[in-house]
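I open this notebook to record what I looked up in the backbone of this structure, beginning with a single residue and moving on from there.

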Amino acid sequence: MMLDVQDLHAYYGKSHVLQGVNLNIQEGEIVALLGRNGVGRSTTCKAIIGEVPPQGSVTFRGQQIAGKKAYDIARLGLGYVPENRDIFPGLTTRQNLILGLKPGQKDGHGRWSLETMFDMFENLGNRADTEASVLSGGEKQMLTICRTLMGDPDLIMIDEPTEGLAPQMVQKVAAVLKEIAKRGISTLLVEQKLDIAMDISDRVYVMGHGRVVFEGTPAELKGRNDIRKEWLEV
Amino acid sequence: MDLFLVNIIDGLVTGLLLFMLSAGLTLIFSMMGVLNFAHASFYMLGAYFGYQISQYMGFWIGLLIAPLLVGTMGAVVERYGLRRVHQYGHVAELIFTFGLALLIEEAVQFFWGKSQVAYFVPQALNFPLFAISGNAVPAYKVFMIFISIGIFAGLLIVLTRTRVGMVIQAALSYPRTVEALGHNVPLVFMCVFGVGSALAGVAGVIAGPVLGTFPGMAFVLGSIVFVTIVIGGLGSLWGALFSSLLIGWITTFAAAYNVHFADLLLAVGINPPAEMATSPWRDFWSLTLSQVGPILPYLLMVLVLIFRPDGLFRKRGL
Amino acid sequence: MTETMQSATATHRFGISLRAALPWIIAAFVLLILPFVFDAKSSITVMNQMAITIIFALAYNMLLGQGGMLSFGHAVFMGLGGVAAVHMMRYVEIMGLPIPLPLLPLFGGIAGFLLACVIGSFSTRHAGTVFAMISLGVGELIAACSLIFVAFFGGEAGVSADRTYGLPVFGVEFFTQTEVYYLIATWLLISALLMYLYTRTPVGRMANAVRDNPERAEFLGYSARWVRFYSFIFSGFFAGIAGGLFAINYEIMTTESLTLVQSGRILLITFLGGVGYFCGPIIGAIVFTLLNTVLSRYTDLGTLYIGLLFVLTVMYFPGGLAGLLMMHEPVRRMRRLHLLLRPYLLGLVPFLVTILGCAALLELLFHTRHAMPGQSEMGLFGVRFDSHAILPWVIVTVATLAGILALRALAPALKDAWHDANTVQGDGA
Amino acid sequence: DTIKIAFIDPLSGPFAATGENALHLFQYAAEAIVNDAGGVLDGDTFEIVPLDNKISATESLIHLQTAIDDGVRFIIQGQSSGVASALLDAINKHNRRNPDDQVLFLNYAAVDPALTSSLCSFWHFSFDANSDLKMSALTDVIAESPDLTSAYLINQDYSFGKAVSATANQLLAEKRPDITIAGDEFHPIGQVKDFTPYARKIVSSGADFVITGNWGADMFGLGTALIANGFTGPIYTYYASGSGITAGFGESGKGSLFVISEGLTNPPPTEEGAAYIDGFHAAYPGENFLLVRTSNVIRMLAAAIDEAGTATDVQAVATALEGMEMDGPFGGTLYMRADNHQLIQDVHILAHTDEGVTNTFDGSPFGLIAENTVSAAGMDTPTTCEMDRP
Amino acid sequence: MTAALQLSDLHKSYGKAQIIRGVDLAIKAGERHAIIGPNGAGKSTLFNLITRRMAPSAGHVALHGKDLNGLAPYEVTRMGLSRSFQISNVFHRLSVFENVRCALLWSMGYRYSFWNLMDRAPALTEAADAIIAQINLTKRREMAAGFLSYAEQRALEIGLTIAGGANVILLDEPTAGMSNTETDYIVELIRKVTEGKTLIVVEHDMRVVFNLADRISVLVYGQIVATGTPEEVRANPKVQEAYLGTAMAGGH
Ligand SMILES: Nc1ncnc2c1ncn2[C@@H]1O[C@H](COP(=O)(O)OP(=O)(O)OP(=O)(O)O)[C@@H](O)[C@H]1O
Ligand SMILES: Nc1ncnc2c1ncn2[C@@H]1O[C@H](COP(=O)(O)OP(=O)(O)OP(=O)(O)O)[C@@H](O)[C@H]1O
Ligand SMILES: CC(C)C[C@H](N)C(=O)O
Ligand SMILES: [Mg+2]
Ligand SMILES: [Mg+2]
């Protein structure tokens, strides 16, 4: 078991956003987290990585990580791609990628290197020394994903990776995600585009009202019209 | 001509002294975004610590230990004060350092009194190294030049050869995301603040004996260091060096030559008012260059900001 | 955030309601009777000072709080306004112009306004650090020029004039402090009301928007620069008014009223009160002036306490004193303030003991270090004793420790009470 | 009863050191001269109320108002002539508008001559020799040193500094027309961080002596820079002593540093004076006994109050002070001129040295010893003061 | 009749990098035009050039026949052009209501007025509330915009853009980050509020594009490679290759 989340709660001030989330991810698995806008999917990721103070139990490879500092969690091998892209302004594309490396980690020693990134997304290669804040929306999206991969995580949580990507690129990202899984990396995918999520994930969770309301394989979800009606559509 | 050369050297020393202060502030202000008004206070602490230690163990040990002490204090201030305040934004940080500057000044007065303390140039360096047509150049000045160059080189290496600069800059906009990438941002901030303060401490130990060690010494330099790093362009070490030297030379030469504005006015064909004593313009006629010397840096800064808001050296051009 | 709250309640009524006018009526009434309540001469002196500071702080907050412009040179406008008013006073006296004294602050305001127009024309092009540093540079420049141009600024001695130049207004000649008080109070009320109304106008609102996101404002049709410029010149105007009142009150303007120290002070005062609230600067000015008067009278460590106050405020109440009060607003609206009353009262005593105890420790320390030999007697809180004896130290230390322990013991209860007061029954999301 | 005397001077900020020293001197004077001797009138004691004006005129006026509201009738101030003239203006107005609680201004150090000429006031008394008187004494001495031929004047850019320069020019021209003025310069007050360029300029101008009215950090900075850069001639100053300056110069100032001031303390000419100094050092160990005039202020005020028989009717006290004459324990006779309220006393040119010094400064072995004395300096100079008397 | 928006030979380069390489495009008044193209093709840059967020290296943009060169963004906005941003660009510390009200001010004629009190302008409040209702944020009316969830901020972004009632509206990926049903709703909303107005939209979601647009331009590598009706564009092999990818071409 890579990640096991039990009865996770989180608050923003007084509003109780996560009200007992349970989910788990096995080694090499792609798990999608679905739900309507604003149900707390991003918050779930933030609570796991420690950006939002979590209450409840979060274990990563059997080790309790709830309450740990974000950088310690990251060093354990958990990667997180935030939804807002959070490109570091003032730094170039290359520097942004280098910051993905953990302290002490050298480029090229992990599963990924600058080279592989630039090969995979040639847009980034073309703009390697441009200040990253001027990149196009899609390029920024690629950059955030790559930046997290540079840290060589064993589990990666990606918040809406295909947002703002052109159809071609969406397919590319889907392929990359599969490739990631092949290399034994687990993925928690927060996705809005149902078709892609269903296509590439092994299992899906559906969230509603701060809880997980459905758990199963994509095929099972396809068969559950009630769930889709109630929790995925307006 | 000889006097010119001597003034060049004097200006260089003044500029480099300013650089030592602004190097630390460049580190803190431009990288962490903290408008640290207490920076000059750390400089003052450096001087006083240096003085106190030199009473027992001599100047050189003081030069070694005082900056360490000041650096530690800086780190502690960051850890238990600034870090808390950081989340409330720049104005809050500024107020915090303002308050801190007040506290440090009070503390200094509490321990060392309100008068100037007898902190002097070490005997080993207290001799004129050479003279240019009767104008002595003290060995201590040459020593100051070397220390400043050393600091500059050291900082340049740290900033270009390590990821520290990048981490800080990234953390300014998205601290959480940087942490999620595995960087211990609070620790880095603490260290940077500590190092910046320590640099101010070095400047204090070195400048204390020449510029005087008294409780008002921080206030005197308080705003000019900001001017320096702003002119140079925030975040640019080269910029800080350049503008320090520029200001050093401007102020030195302004004071060194007697230029009367009256001559200028006459030269452009303006006649002096008949009733000089009661004329509202009389101040222009008695104005000299050395009078306006100290405000030239401010004028320069305003002009630079109007025409090149990023400073003379482009942003982030280490 | 209160801005949103205020607008929320305000938007449902149109027209002047009694409720909206009530605070102003109360304020006017309070200003009217204050000199009768505190009728000592010295309190009137302090109140005059306070009122002037309030206007200045409110003007400053038009920039900082409303427009997000951090200025290190705002004293320049107040100073210049004051100098202009003094010169005007002299001209009026010499030339016998028919301008009654109560109108004089207007000239200060106009001077501040004109200077702001000039400086604002280039400084408001940018916000953030660039603006802050231009304000620092311009402030220092003008302050330095004020020393050089003696003909206008009067050099070290400053310029002075006589406010009792004649032209009695309804028989009042402004001989006494009380007469001046009512003049200042009137201007305070007018200026505060105008500045408050300004926050409710379209430009005032856009100032907030530009503070948050100048670029987006531009794409809504507003030039960020012009919006800033408006805030800047109005702020300059009211700072000038404050300067004019200052000139009337003290009948002198010196160059140090233009310096960085004064600019820094108003920044501290405004922040202490709370930049996010209209009433913040008012609270800040009142508290700071009082504190300054009291401390400078009773202790040598005034600056230390003030420094500590700022450091602690910024660390624990970044919203300033107004922010602290406003924290209770939701509770008040739910009519649950009574839940907090008991724990507050309980906590008050140990709190005061702790604060005073710490202060006493500092005073003792200071006294033992700085007292002359043989003069070990010191007075503290009205008690006289020997600072070199062990007993006072023991008493003070024990009291302080007791205070701290009591506070710690009470803290959980206080937290619970706060939580209780803030939770709405039967609330889901 | 206590008679409250407000002391309005800087007690914090860059000029705190001198302010605090002066405060202690006044506090000691009040104790030693008045309170320990049974007080004035029938046992009323003096209390010095310290009010920190941060050397700001405005701050001073604020304190003035509060002090008056608290029933203070005597104001002491001295640091900076700028502040003094502002205070004087305010006090004039106050006394005119409030005949019931008028106050007196006892000025112990602000020496801009305007204060006793064009600005002179019935309510103001100057206990220090004004800068003209001092300059006249100094130029008398210079007139007798034929080897001094070229002068450099450097002063702070404000009323007092300008007064020093103007009078020096005028008097040197009168008394020694052969002396050339190699430079006559003003620098911004309290702003120059490093005086090296000025020193270079002075050295290369070929001047063989310097006259400066600089004080505080400006004095120290200028002096050290001059000596470090090889200036060897005499430096005539108004304020190069105490507050760390004496210790700062130490050996290097010997033979080149001179101060124009009042009062002999090395040794004091009377037993009483010696005892007074010892008493001060016992009460305030480690502090400098400077500013002899502080004792004159208290002594003459006490005498005037006794003579007037009141401490509340300051008009009577002022009248008593006018023309008062007494012998001071530090030499010479003190005489308060009635026509301009300027105290006439002996003025000395004192040399910075460590030989034969008993009253040392800053914990160093150095102090000031009189080299020349001009007695009753300026006794019969004409005055332009036109005083409004109530 | 002059085109609502006319781009002629527009170029933009940063140093050596040429981003826009000669774009000519005319958009008729009342037309709904979509711009599609791969990531980094220069779509947002094109928007930035049109709205004068940055100046073109060469070429002209004309709005209703008036050349925009040399104008500032706010001047362009005042001419009745309004845009949204790809990455939400709202007033973070102001409430949702304040955000929308600010967007209404200029167009409702308030300008730099400091003699009007906003509390006393019922029309303003009502108009703002109507917009908020349209973008489904009534429940969040008093919340600071910075605290909204990602999709809510996107909705607010659209609200700000349409509030002013501009007659030329540029939307940069309006539905990014929204769920399918949200998207459908927003597309309907856009259709409704842009009735009779000129709309230019950049979008990667082909459902939106084909649903909304009268005409489509395909921007690849800074140049327009095809312009036409949805059917024409979909059938264009160049477009299929460069953008849609084989999978999409057959779909829908
Ligand atoms: N900082 C915050 N303060 C207060 N409330 C917040 C904050 N951040 C998010 N919320 C609220 O928490 C809820 C969940 O937010 P979250 O970002 O987790 O949603 P999401 O499921 O990721 O939605 P989306 O698809 O819009 O990204 C939202 O209703 C949002 O308004
Ligand atoms: N200042 C700049 N310097 C260099 N390159 C830049 C600059 N600004 C933008 N670019 C580059 O221009 C290209 C076009 O960017 P633009 O944002 O217009 O793309 P886009 O078509 O909107 O793509 P997306 O669909 O991903 O948002 C990108 O490759 C970007 O990196
Ligand atoms: C105390 C002195 C330094 C004051 C100075 N003599 C002045 O008149 O300004
Ligand atoms: Mg989300
Ligand atoms: Mg784009």
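I began with Tyr221(E), which is exposed at a relative accessible area of 55%; here buried means under 20% relative accessible area, exposed over 50% and partly exposed in between, with a 1.4 Å probe and protein chains only. Tyr221(E) also has a positive phi of about 55 degrees although it is not a glycine, and I located Tyr221(E) in the loop between strand S9 (215-220) and strand S10 (223-228) of chain E.

Before going on I noted that the model is predicted, that local features need pLDDT of at least 70, that side-chain atom pairs count only at pLDDT 80 or more, and that totals for chains, interfaces and linings use all residues. Residues are numbered from 1 along each chain as its sequence is written, chains are lettered from A and ligands numbered from 1 in the order in which they are written, and side-chain values use heavy atoms, with hydrogens and water left out.

Staying in chain E, I found that strand S1 (residues 5-14) and strand S2 (residues 17-27) pair in the antiparallel sense over eight bridges; strands are DSSP runs of E with at least two residues, helices are runs of H or I with at least four, both numbered from the N terminus, and pairing requires at least two DSSP bridges between two strands. Leu5(E) has Ile27(E) as its bridge partner in S2(E). The two strands, S1(E) and S2(E), form a hairpin with two residues between them, and Gly15(E) in the turn has a positive phi of about 55 degrees.

In chain D, I looked up the cis peptide bond that joins Asn266(D) and Pro267(D), with omega about -10 degrees, and placed Pro267(D) in the loop between strand S10 (257-261) and helix H9 (271-283).
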